[in-house]
Amino acid sequence: MIDVRRKDSGAFYTPDEVVRTLVRWAVRRDSERLLDPACGDGRFLAIHRNSSGVERDPEAAASARKRAPAASVCEQDFFAYAATTDQRFDCAAGNPPFIRYQRFRGSVRSRALDLCARLGATFSGLTSSWAPFLVATASLLKPGGRMAFVVPAEIGHAPYAVPLLSYLVRAFRRVQVIAIREKLFPQISEDAWILYADGFGKRTNHVSLVQCSEFEPRSSPPRDGDRVSLADWEDWRHRLRPFLLPQEVRELYGRAIRHPQTKRLGELARVGIGYVTGANDFFHLRPSVAGLAGIPKRFLLPAVRNSRSLPPEIVTRRTVDAWLRRDEPVLLLRLGARERLPASILKYLDSAAGRLARTSYKCRHRNPWYVVPDVRVPDGFLTYMSGKTPSLVGNAGRCTCTNSVHAVRLDEGVRLAEVQAMWRHPLARLSCELEGHPLGGGMLKLEPREAARIILPHPTLSLSRREQQRVQDGIATMNRWRHYE
Ligand SMILES: C[S@@+](CC[C@H](N)C(=O)[O-])C[C@H]1O[C@@H](n2cnc3c(N)ncnc32)[C@H](O)[C@@H]1O
């Protein structure tokens, strides 16, 4: 219960030493007015007398008033507040709510996106709440003002971080992102970094990126960041994360991209998601169950149901035979809409399991409910949530796949063995780290769009021993940042 509420409100309170540090960075003089736009229990407000907080949760707002009696606390949706207030602040600090787009909705979201659009930052509906929070907060600063916030590490790679950072570099003289490897919030899987922006009303041509292995309390923001120019940021698809790598490794990667024989996976194959049944247990039969029900073989197609069932290189007929011998539920019931169905299948569809399956969301929304769409036999499979590294596995066993792995269909004339040989290149592995994104819990996720961008250097693109070592170190660095050691 508490967890659901927390997910809806993004309420994960900030550790004391982080609170103290951020307020110190933001406030220069006692007389300055500080804003915390999502003040929770008032822990930021409590350490600076001249402060104002906004909080939409009445219980939290009451705790804030108690904890910070000198502060003014406004119980309201922050976006409604920001759109109407004429108050302006010298500085702001806090930890904005991290509410993912699925839960960040309704009038709060439309107010947030409208306000940001008026301020010149256009967010899509796939935006988490914290990014519009920061734009709206910045707009309430006086000229020369500054802000210091805890931000999700997604600022380093999420598409919705692009309008935020683009706005910040146009609105502040200095924009600094402090990447912190150790978790600030051990209880949640997302990593948190820090954003510091100073000199509201001016602009800058770069973001300064500082890397720390763990959070260190300090009296002022670090000065020694790597300068990421806006042009470089754009070249790296508006991601800061690649700049966690040493420049030499980025240069090697850039050289590989420019090499005439290097391809992107998307130039050789289509990467897409597998099918969704809506009722996996019903649609995937064990051979013993299919036999007892008398379902003819032509209606059953072996399926890769998850990445754990994949061998490292290729799914063969033997692999499938082994699944069947172990009586695994891997036979997809594949029915066509206009097909005459035998009595055995009609009986199975009308069984108790069938009557339950057809009530699922997906089944209710398709006609007829038992025809699973997008069932294809691809040339290969790509794992898209991976620990060490994603695998590209051939499909000689003529299987289909669920959406637990990606389906890879080769363009005409392309051989999978060739693509796999390129896939083994260390720069292709590094590319998976750079094009994919961390998912928490040490996992790397590759969306189809990201997978299509993976570079596949030709096997003849050789690296010196020293370069190989650099690339391996680069992969290890990216693994460490996503907590896969
Ligand atoms: C991550 S907590 C941060 C609280 C506190 N600043 C801290 O760091 O400990 C985010 C807070 O934002 C509040 N919140 C969520 N949506 C809000 C909104 N639209 N307007 C104002 N507050 C909101 C939540 O109730 C929650 O208390």
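# Group meeting talk: helix α13 and beyond

Hi everyone. Let me start right inside the structure: the buried residues of helix α13 are covered by elements that include β13, residues 300-304, and β14, residues 314-315. Before I go on, please keep in mind that this is a predicted model.

So which residues of α13 are buried? Helix α13 runs over residues 317-325, and its buried residues are Thr319, Val320 and Trp323. If you look down the axis of α13, those buried residues fall within an arc of 95 degrees, so they line one face of the helix. For anyone new to helices, here is the background: an α-helix has 3.6 residues a turn, so residues three or four places apart point the same way. And what does α13 carry on the face turned away from its buried side? There we find the exposed residues Arg317, Arg318, Asp321 and Arg325. Just after α13 comes Asp327, which takes a positive phi of about 55 degrees. Hold on to that detail, please; we will return to the topic of backbone angles.

Let's step back to the whole protein. There are 485 residues, and 43% of them are buried. The secondary structure comes to 20 helices and 23 strands. Taken along the principal axes, the C-alpha atoms fill a box of roughly 80 × 60 × 35 Å. Now take the contacts with a separation of 6 or more: residues 24 or more positions apart account for 73% of these.

How is the chain divided into domains? The assignment gives domain 1, residues 2-244, and domain 2, which is made of 269-333 + 376-481. Between the C-alpha centres of domain 1 and domain 2 there are 38 Å. The contact between them takes six residues from domain 1 and seven residues from domain 2. On the domain 1 side, the touching residues divide into two nonpolar, two polar and two charged.

Next, the inside. In soluble globular proteins, nonpolar side chains tend to be buried together. Here, the largest nonpolar core has 138 residues, and Ala26, Ala93, Met147 and Trp193 touch the most other members. Both domain 1 and domain 2 contribute at least three residues each to this core. Let's zoom in on Met147. Leaving aside neighbours within four places in sequence, its contacts are Ala26, Cys91, Ala92, Ala93, Thr137, Ala138, Leu141 and Ala197.

Now compare α13 with another helix, α7, at residues 161-171. Eight of the 11 residues of α7 are buried, so this helix is largely enclosed by the rest of the structure. The buried ones are Ala161, Val162, Pro163, Leu164, Leu165, Tyr167, Leu168 and Ala171. What covers them? The cover includes α6 (130-138), β6 (172-180), β7 (192-200) and β8 (206-212).

One strand residue is also worth a look: Leu331, in strand β15, residues 331-333. Is Leu331 buried or exposed? Leu331 has 23 C-beta neighbours inside 10 Å, and 20 are enough to count as buried, so it is buried. Leu331 and Leu300 are 31 residues apart along the chain, and their C-alpha atoms are separated by 5.4 Å. Not counting residues up to four places away in sequence, Leu331 touches His284, Leu285, Pro287, Ala290, Leu300 and Pro302.

What about the ligand? It is surrounded by 23 residues, and the closest are Tyr13, Thr14, Ala38, Gly40 and Asn95. By class, this shell holds 11 nonpolar, six polar and six charged residues.

Finally, back to those backbone angles. Most residues other than glycine have a negative phi, and most peptide bonds are trans. Where does this model depart from that? Asn367 and Pro368 are joined by a cis peptide bond, with omega about -5 degrees. Pro368 sits in the loop between α16 (361-364) and β16 (380-382). Asp374 is in the loop between α16 and β16 as well, and it has a positive phi of about 60 degrees although it is not a glycine. Asp374 is exposed, with 12 other C-beta atoms within 10 Å. His483, in the segment after α20 (465-481), also has a positive phi, near 65 degrees. With 16 other C-beta atoms within 10 Å, His483 is partly exposed.

That's my tour. Thanks for listening!

Technical notes: Residues are numbered from 1 along each chain as its sequence is written. This is a predicted model: local features need pLDDT of at least 70, side-chain atom pairs count only at pLDDT 80 or more; totals for chains, interfaces and linings use all residues. A residue is near a molecule or strand if its C-beta atom, placed from the backbone, lies within 6 Å of it. Ala, Val, Leu, Ile, Met, Phe, Trp, Tyr, Cys and Pro count as nonpolar, Asp, Glu, Lys and Arg as charged, and the others, Gly among them, as polar. Helices (H or I, at least four residues) and strands (E, at least two) are DSSP runs, numbered from the N terminus. The arc is that of the directions from the helix axis to the C-beta atoms. Two residues are in contact if their C-beta atoms, placed from the backbone, lie within 7 Å. A nonpolar core is a set of buried Ala, Val, Leu, Ile, Met, Phe, Trp, Tyr and Cys residues joined through C-beta atoms within 7 Å. Domain bounds come from an automatic or database domain assignment.
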